[in-house]
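Colleague: Hi! Could you walk me through this one? I'd like to start with the charged side chains.

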Amino acid sequence: MKEPTDLPILYSLRNCPYAMRARFGIFKSKQQVILRDIVLSNKPDEMIAASPKGEVPTLVVSPSLVIDQSLEVMLWALNKSDPNDLLHSGNETVLPEMLKLIEDFDIGFKAAFDKYSVAKRYHDDNVEQYRQNCEVYINDLEQRLNKHAFLMSENESLADIALISFIRKFAKVERKWYLQSPYPKVRAWLNSYLQSALFSKVMKEYPLWLESKELIIFGDK
């Protein structure tokens with residue numbers, strides 16, 4: 001089948017949290033892209049040519065516009081179309097707050113989480129301390145969700161869909177502890193996404209592009 005030349009191409013990895021957030025942003029924007037699922041051990045030449053760093057997500061909008069940062073992919077999509085007002089366009093102070101929260105997680109939480117997950121995997125005696133380092137960030141979300149239904153307000157925002165995949169990973173490290181942890185609002189917030197039709201659509205498993213060369217149109221119209 002001939003590929004539509006007017007659609008951007010998204011190179012993605014199904015369970016990568018960064019690629020997940022990019023797909024969430026695209027889906028919520030009601031944009032459509034050509035989805036090419038890959039594995040990092042076998043990267044397509046076309047992807048490397050577009051973005052030599054070879055990481056996911058990589059969105060090829062045109063030969064002159066390639067976006068290879070997950071948050072930038074989300075912002076590209078939502079700036080084109082934001083039917084649910086995830087950018088909270090009516091309040092100019094909210095977007096900088098959201099970007100700061102996402103940055104805190106991308107840098108601080110990510111560093112703490114990496115140590116926590118490795119410590120648990122290798123039965124490190126410091127696993128509790130590493131988890132407590134993560135809890136500083138989780139508690140911040142809990143306090144936000146005590147005030148309103150979503151992280152920034154009573155309405156869903158960019159911050160919510162940008163952080164889902166990272167909290168999902170955190171919840172899996174010590175599942176028994178997490179289910180009894182003092183973060184009921186975070187659990188309810190995460191579960192509402194994990195059990196949603198949106199999550200099922202964003203996380204649908206597709207054939208690997210290099211194996212099938214199948215044309216996959218991803219997005220919601």
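Modeller: Happy to. One definition will help: a salt bridge is a side-chain nitrogen of Lys or Arg within 4 Å of a carboxyl oxygen of Asp or Glu. Also keep in mind that this is a predicted model.

Colleague: Thanks! So which side chain of opposite charge is nearest to Glu 135, and how far away is that one?

Modeller: That is Arg 131, at 4.2 Å. A salt bridge has to be within 4 Å, so this pair does not count as one. Glu 135 is buried and has no salt bridge.

Colleague: Where does Glu 135 lie?

Modeller: Glu 135 lies in helix α5.

Colleague: And which residues does Glu 135 touch, leaving out those up to four places away in sequence?

Modeller: Those are Trp 177 and Tyr 183.

Colleague: How many salt bridges are there by the rule you gave?

Modeller: The count comes to nine. One of them is also in helix α5, which covers residues 127–147: Arg 144 pairs with Asp 140. Their N to O distance is 3.2 Å.

Colleague: How are Arg 144 and Asp 140 placed along the helix?

Modeller: They are four residues apart, which means a separation of about one helical turn.

Colleague: Buried or exposed, those two?

Modeller: In between! Arg 144 is partly exposed, with a relative accessible area of 23%, and Asp 140 is partly exposed at 30%.

Colleague: Now something else: which residue does Lys 30 form a salt bridge with?

Modeller: Its partner is Asp 220, and the closest N and O atoms are 2.9 Å apart. Lys 30 sits in the loop between α1 (17–29) and β2 (32–37), while Asp 220 is in the segment after β5 (217–219), so the pair ties together parts that are 190 residues apart in sequence.

Colleague: Nice. What are the relative accessible areas there?

Modeller: Lys 30 has 36% and Asp 220 has 22%. Each of them counts as partly exposed.

Colleague: What about Asp 68, which residue does that one pair with?

Modeller: Asp 68 forms a salt bridge with Lys 53, with the closest N and O atoms 3.9 Å apart. Asp 68 is in the loop between β4 (65–67) and α3 (70–80), and Lys 53 is in the loop between α2 (45–50) and β3 (58–62), so the link joins parts that are 15 residues apart in sequence. Asp 68 is partly exposed at 23%, and Lys 53 is partly exposed at 35%.

Colleague: Which residues are joined with those two in a network?

Modeller: Glu 55 comes in as well: salt bridges that share partners join Lys 53, Glu 55 and Asp 68 into one network.

Colleague: Let's zoom out. How many positive and negative side chains does the chain have?

Modeller: There are 29 positive and 30 negative ones, and the centres of the two sets lie 4 Å apart.

Colleague: And how many helices and strands?

Modeller: Ten helices and five strands.

Colleague: What does the radius of gyration say about the overall fold?

Modeller: The chain has 18 Å, and a compact globule of 221 residues would have a value near 17 Å, so the two agree. Along its principal axes, the C-alpha trace spans about 50 × 45 × 30 Å.

Colleague: Last one: how much of the chain is buried?

Modeller: Of the 221 residues, 48% count as buried. The chain exposes about 11200 Å², with carbon and sulfur atoms supplying 49% of that area.

Definitions and conventions:
Residues are numbered from 1 along each chain as its sequence is written. This is a predicted model: local features need pLDDT of at least 70, side-chain atom pairs count only at pLDDT 80 or more; totals for chains, interfaces and linings use all residues. Side-chain values use heavy atoms; hydrogens and water are left out. Helices (H or I, at least four residues) and strands (E, at least two) are DSSP runs, numbered from the N terminus. The radius of gyration is taken over C-alpha atoms; the globule rule is 2.2 Å times the number of residues to the power 0.38. Buried means under 20% relative accessible area, exposed over 50%, partly exposed in between (1.4 Å probe, protein chains only). Accessible areas come from the Shrake-Rupley method with a 1.4 Å probe; for residues, only the protein chains shown count as cover. Lys and Arg count as positive and Asp and Glu as negative; His and the chain ends are not counted. The place of a charge is taken as NZ of Lys, CZ of Arg, CG of Asp or CD of Glu. Contact means heavy atoms within 4.5 Å.
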